Amino acid sequence: MHLRRAWLFGWLCIALHVLNSLTARAITIEEFAVPTNNAGLSGISAGPDGNVWFVEGSTDKIGRITPAGVITEFNLPAGSQPRDITTGPDGNLWFTEYGSNTIGMITPTGAVTPFAIGDTTGPSGIVSGPDGNLWFTEADSGQIGRITPAGNVTQFNLQAGSMPAGITNGPDGNLWFTEQGTDRVGRITPAGAIIDFPVSAGSGPAGIALGSDNNLWFTEFTGDRVGRITAAGALTEFGLGAVSSPLGITSGPDGNLWFTEQFSDKVARITTAGVITASELAPGSDPAGITTGPDGHIWFTEPGTNLIARVVPEPTGILLMTLAAATLLLSRRIKT
């Protein structure tokens, strides 16, 4: 009996080792070339049509890519310089035009409508808010903007030099955003009440996303860290290493946060406990925007190599399930 238990225990250890090695293996990246050269890729978002949409800041275009990798581009007026994009409550895509101080709307079929928001505002990040409106940051004017689907704009002032960047929905029904110029994370209610929370000096907070743990996670572009802040303002920061320059961040289907490291050419994930795993990309890829697509995969832009990339799950799901079941059976036999 003791020999049999030792044999079963040995197989249990092997099964656990295989499970661990399979789940920790490097991810696979699939890349798609954008038709227009030097597009200046940045923001990317899941679309309402089952596709992924992205912006081309250098060539004044909006791009759409299907799960099969087919890319279609839609022209904007010269000088638009689109920067970020999101799905709106009306089933269309909404995007910021940094160069023309405009918020744009594009239907899934490619019809574009612009909404001017004022001179020298520099619209940057954008998200669909909990109130049925679109909320965006104005990097140049230091404001948070709100636009209704009908195009009515309201702006809320921040402190001087704030340079707001990313924006996302919080767990508390408010909007949360980063302030690169003043090293703060801000919160604004749908009625426009604002409160700021300081982060480490020189951190340069950039992207921000709501995590599966109901905390806000953000990248620190000049601080080479990923930060986590609770709805009450409690801050924790996780170091990445010198000159990583994390930029975009998104909540993944696996419960982790996925982010891009622009200067170190990596795509990485961090668990809600702070464990970080990074995968290297081609030198000079300069990954930027990142999102979870309608297909459940992580998609991101590579402006340096002019590619749209997707993280492809390893085909180990069935094997993992089989090993998990075998492990459970073995452990029960050992106990008996």
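**Notebook: spaces, a sheet and one serine**

I began with enclosed space, and I noted that about 30 Å³ of space lies in the largest cavity. I should record at once that the model I am reading is a predicted one. When I looked up how many cavities of 30 Å³ or more the structure holds, I found 1.

Next I asked myself which residues line the largest cavity. I wrote down Ile27, Trp258, Val267, Ala268, Arg269, Thr277, Ala278 and Ser279, and I sorted this lining into 5 nonpolar residues, 2 polar and 1 charged. Two strands, β24 (266-270) and β25 (276-280), each supply at least two residues of the lining.

I then turned to open space, where I found that the largest pocket has about 980 Å³ in it. Of the 42 residues that line this pocket, I noted the ones closest to its centre, which are Gly43, Asp84, Gly166, Gly207 and Gly248. Which elements give two or more residues to the lining of the largest pocket? I listed β2 (41-46), β6 (82-87), β10, β14 (164-169), β18 (205-210), β22 and β26 (290-292). Strand β2 gives the most to this lining, with 6 residues. By type, I entered the pocket lining as 21 nonpolar, 18 polar and 3 charged residues.

Since β10 was on that list, I followed this strand into its sheet, and I found an open sheet of 4 strands in the order β10-β11-β12-β13, with antiparallel pairing. The edge strands are β10 (123-128) and β13 (153-157), each of which pairs on one side only. Neighbouring strands of the sheet are turned by 20° against each other on average, with direction ignored. As a reminder to myself, strands of a sheet pair through backbone hydrogen bonds, either parallel or antiparallel.

Looking at one pair in detail, I noted that 4 bridges join β10 to β11 (residues 134-138), and that these two strands run antiparallel. Within this pair, serine 128 stands opposite leucine 134 in β11.

My last entry concerns serine 245, which I located in the loop between β21 (235-239) and β22 (246-251). Is serine 245 buried or exposed? I recorded serine 245 as buried, because its relative accessible area is 5% and buried means under 20%. Leaving aside residues up to four places away in sequence, I found that serine 245 touches Phe221, Asp224, Thr260, Glu261, Gln262 and Phe263.

Conventions
Residues are numbered from 1 along each chain as its sequence is written. This is a predicted model: local features need pLDDT of at least 70, side-chain atom pairs count only at pLDDT 80 or more; totals for chains, interfaces and linings use all residues. Side-chain values use heavy atoms; hydrogens and water are left out. Two strands pair if DSSP finds at least two bridges between them. Axes are lines fitted to C-alpha atoms, for helices over the stretch in contact, and angles run from 0 to 180 degrees between N-to-C directions. On a 1 Å grid over the protein atoms alone, a cavity is a set of points where a 1.4 Å probe fits but cannot get out, and a pocket is an open set with protein on both sides within 12 Å along at least five of seven lines; lining residues have an atom within 4 Å of a point. Grid points are joined across faces, edges and corners, and a volume is the space filled by probe spheres set on the points. Ala, Val, Leu, Ile, Met, Phe, Trp, Tyr, Cys and Pro count as nonpolar, Asp, Glu, Lys and Arg as charged, and the others, Gly among them, as polar. Buried means under 20% relative accessible area, exposed over 50%, partly exposed in between (1.4 Å probe, protein chains only). Contact means heavy atoms within 4.5 Å.
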